[in-house]
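Subject: Structure for you to look at

Hi,

Here is the structure I promised to pass on. Have a look at it first, and then read my notes below.

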Amino acid sequence: MPAMPGGAQTITVSDGTNTVNTAFSVTPSITFTDTNTNYGFPEQNIGSATFSVTGFGASETVTVATTAFTTASFATTSCPTSTLGSCSFSDTLVIADQNGGSKTMTATGSTSTLTASTTFTVNPWAAFYNSASGTTAYS
């Protein structure tokens with residue numbers, strides 16, 4: 001498969017006498033992978049998350065944006081694609097102090113302006129523990 005940006009594409013094959021065209025579409029996508037299945041807040045670490053984008057333009061920078069993570073933990077927000085229009089990166093992330101529920105992560109190509117998005121859920125949680133002074137506390 002040659003390096004192609006996302007969107008409508010055409011392949012032309014010719015033997016010098018006969019020529020055939022076929023159209024297809026390359027759809028950009030973003031994948032968010034982490035071993036955690038219950039993302040909670042406030043400020044829960046979720047380990048090493050991996051972001052992968054595919055189907056974007058060859059050798060463009062893809063910007064990944066979401067409000068689900070604290071700005072400090074979500075430092076790497078761009079990914080330079082390979083000649084095949086894909087890239088991935090990993091981050092240790094912290095859930096931001098915000099309402100739980102469905103969160104969207106969007107990837108946008110810098111030159112192609114192609115976009116792709118994915119969703120995941122942030123769930124509320126509570127932790128009860130003994131403080132240093134021996135009193136029960138919670139977060």
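The protein chain has 12 strands and zero helices. Read from the N terminus, its elements go β-β-β-β-β-β-β-β-β-β-β-β. Keep in mind that this is a predicted model. The protein chain has 139 residues, and 34% of them count as buried. If you take the contacts in the protein chain with a separation of 6 or more, 55% of them are between residues 24 or more positions apart.

Let's start with a sheet. Three strands make an open sheet in the order β3-β5-β8, and the pairing is antiparallel. Its edge strands are β3 and β8 (87–94), each of which pairs on one side only. From one strand to the next, the twist averages 20°. Look at β5 and β8 in particular: these antiparallel strands are joined by seven bridges. You can find one spot to zoom in on at V53, which stands opposite C87 in β8. Remember C87, as that residue comes back further down.

Now go to β6. This strand runs antiparallel to β7, and three bridges join the two. β6 also pairs with strand β9 (residues 101–109), again in the antiparallel sense, over four bridges. Which residues are on the covered face of β6, and which are on the uncovered one? V62 and V64 are on the covered face, while T61, T63 and A65 are on the uncovered one. Here is a bit of background: in a regular strand, the side chains alternate between the two faces of the sheet. The two covered residues have bridge partners you can look up: V62 has C79 in β7, and V64 has A107 in β9.

C79 leads us to the disulfide. How many disulfides does a search of the whole structure find? It finds one. In general, a disulfide is a covalent bond between the sulfur atoms of two cysteines. Here the two cysteines are C79 and C87, with an S to S distance of 2.1 Å. Are they buried or exposed? The cut-off for buried is under 20% relative accessible area. C79 has 4%, so C79 is buried. C87 has 12%, so C87 is buried too. To put the pieces together, C79 is the bridge partner of V62, and C87 faces V53 across the β5 and β8 pairing.

While you are in that area, click on T81, in the loop between β7 and β8. T81 has a relative accessibility of 8%, so it counts as buried. The T81 side chain reaches the backbone nitrogen of S59 at 3.0 Å. Setting aside neighbours within four places in sequence, T81 is in contact with F56, G57, A58, S59, E60, V62, S86 and C87. So you meet V62 and C87 again on that list, and T81 would be a handy residue to start from when you explore.

Next, the aromatic rings. A pair of rings is described by the distance of the centres and the angle of the planes. Five aromatic pairs turn up when rings are paired by having their centres within 6.5 Å. One of them is F32 with F51: the centres are 5.2 Å apart and the planes are at 35°, so this pair is tilted. F32 sits in strand β3 (residues 29–33) and F51 in strand β5 (residues 45–54), 19 residues apart, and the pair links distant parts of the chain. Both of these residues, F32 and F51, are buried.

Another pair is F69 with F120. Their ring centres are 5.7 Å apart and their planes are at 10°, so this pair is stacked. F69 is in the loop between β6 (61–65) and β7 (78–80), and F120 is in strand β10 (residues 115–124), so the pair ties together parts that are 51 residues apart in sequence. F69 counts as buried, at 4% relative accessibility, and F120 does as well, at 8%. What do F32, F51, F69, F89 and F120 form? They form one aromatic cluster.

Last stop: T113, in the loop between β9 and β10. With a relative accessible area of 57%, T113 is exposed. The C-alpha atoms of T113 and F56 are 8.8 Å apart, with the two positions 57 residues apart along the chain.

Happy exploring!

How values were computed. Residues numbered from 1 in each chain as written. Predicted model: local features only at pLDDT ≥ 70, side-chain atom pairs only at ≥ 80, totals over all residues. Heavy atoms only, no water. Phe/Tyr/Trp six-rings, centres within 6.5 Å; stacked < 30°, edge-to-face > 60°. Buried < 20%, exposed > 50% of the residue type's maximum accessible area, 1.4 Å probe, protein only. Pairing = 2+ DSSP bridges. Axes fitted to C-alpha atoms, helices over the stretch in contact; angles between N-to-C directions. Polar contact = N/O pair within 3.5 Å; in protein donor to acceptor, adjacent residues only side chain to side chain. Contact = heavy atoms within 4.5 Å. Disulfide = S-S within 2.5 Å.
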